[in-house]
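Student: Please take a close look at the interface in this structure and describe it in one connected account.

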There are 2 protein chains.
Amino acid sequence: MSTSAQPRLRMSPEARREQLIELGVGLLATRTLEGLSIEVLAEEAGVSRGLLYHYFGSKQEFHLAVVRRAARELFEVTAPDGGGSAAEQLLGSLERYVDYVASNFAGYVSLVRGASGGHDELREIYEQARSALTERLFDPAGSGPAAAVSLGLRDTPRTRLVVRGWSAFVEEVVVEWCRDPRDVTRADLLEALGDSLPGLLAGERH
Amino acid sequence: MSTSAQPRLRMSPEARREQLIELGVGLLATRTLEGLSIEVLAEEAGVSRGLLYHYFGSKQEFHLAVVRRAARELFEVTAPDGGGSAAEQLLGSLERYVDYVASNFAGYVSLVRGASGGHDELREIYEQARSALTERLFDPAGSGPAAAVSLGLRDTPRTRLVVRGWSAFVEEVVVEWCRDPRDVTRADLLEALGDSLPGLLAGERH
């Protein structure tokens, strides 16, 4: 076996581990986290279970590595692209979020549920990811020119609470829409999402 | 034993079961669902575990009975009281929802998590309860005079999706506030909640 594994030998252990994590993230698109076993990864990667345990230690650690990477991907894919008004940038981010959830539905929903369902380390990764996504809104440098000002965001505990609620709104609406997109067009969904934060913040200005 | 149990003998089995469910709901105020065992109920009710298994069959069935009752209580306690404008009635319902979550925090959070965390029967009760709570908004007779019209609600799939998202918004904001109410006053919380649905629906009118 080992003599036929030349490509593996040329790759550093770190790079090989990265590659396996990426493969895991890809598998999560159509699988729940519970369905993503070391056995499935071994088969897809064409390596032995033993090697995977060598890289990850346990299924649990493997899952956490995959979820951390997926959270980073989501953060990167929804980053403001730097063009247009703050509202346009926000809409672009929301659009890429919708596409991400639609393309990774099974895994995404299982993550949300796992994080809610009492798995502490999953919850921590999930909470950090959600904080990072909304934190951008309060960081003008991070979300385009004067995003905070033009979206009407004052950085107060009350506004932060509303924005946290808004992220739950977006997640619920997008997951439900992806589950059954028949009755609402994608354009209508995006319009509703784009209007939601300004609508919620209108009450925060007075 | 049985000769000293006169009060129990005078009560019908149905009434006794109801009483035990009510006791369970009360215990859930300060306990998670996982912490609400048949043993705990037996001790609080002063009856044998065997009798509780007779009434409920299993811990699982006991939990479901308690959760169904808690959901009904929440539905009743947040019912519009029939006075004032639709916006005032909505605010009253939201206020009672806040008080309910604050008074039943441990159990409420464990229910939300249990429902998210892959427990199918719990999820069904939770989903039904949430649907019932928002369904009221589309039923003018159920939420005061012309609530739907004066809140600007048109009954479309898109509006229903937004209202579903709004219920996730409210839950997230209220649970987070109850977890740490230090930085936002109750009045500010209620104002933000009261503004949230009209704010989200403003975008649905055009």
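Tutor: Buried area is the accessible area, taken with a 1.4 Å probe, that two parts lose on being put together, summed over both. The model is predicted. Between chain B and chain A the buried area is about 2,600 Å², and carbon and sulfur atoms give 65% of this. More than any other three residues, B:R158, B:L161 and B:F169 contribute to what chain B buries against chain A, supplying 22% of that area. In terms of contacts, 31 residues of chain B meet 31 residues of chain A.

The polar side of the interface comes next. There are 10 salt bridges between chain B and chain A. A salt bridge joins A:E172 to B:R164, with the closest N and O atoms 2.7 Å apart. Residue pairs in polar contact across the interface, with both residues at pLDDT 80 or more, number 10. On the side of chain B that touches chain A, the elements giving two or more residues are α7 (105–116), α8 (120–135), α10 (157–179) and α11 (186–202) of chain B. Of these, α10(B) provides the largest share, 13 residues. By type, the residues on this side of chain B are 12 nonpolar, seven polar and 12 charged.

The nonpolar packing can be followed further. The largest nonpolar core has 118 residues, and those touching the most other members are A:W166, A:L193, B:W166 and B:L193. Apart from neighbours within four places in sequence, B:L193 is in contact with B:L94, B:V98, B:W166, B:F169, B:V170, B:V173 and B:V174. B:F169 thus appears twice: in this list of contacts, and among the three residues that supply 22% of the area chain B buries against chain A.

Technical notes
Residues numbered from 1 in each chain as written. Chains lettered and ligands numbered in written order. Predicted model: local features only at pLDDT ≥ 70, side-chain atom pairs only at ≥ 80, totals over all residues. Heavy atoms only, no water. Contact = heavy atoms within 4.5 Å. Salt bridge = Lys/Arg side-chain N within 4 Å of Asp/Glu carboxyl O. Polar contact = N/O pair within 3.5 Å; in protein donor to acceptor, adjacent residues only side chain to side chain. Helix = DSSP H or I, 4+ residues; strand = E, 2+ residues; numbered from the N terminus. Nonpolar A, V, L, I, M, F, W, Y, C, P; charged D, E, K, R; others polar. Core = buried A, V, L, I, M, F, W, Y, C linked by side-chain atoms within 4.5 Å. Buried < 20%, exposed > 50% of the residue type's maximum accessible area, 1.4 Å probe, protein only.
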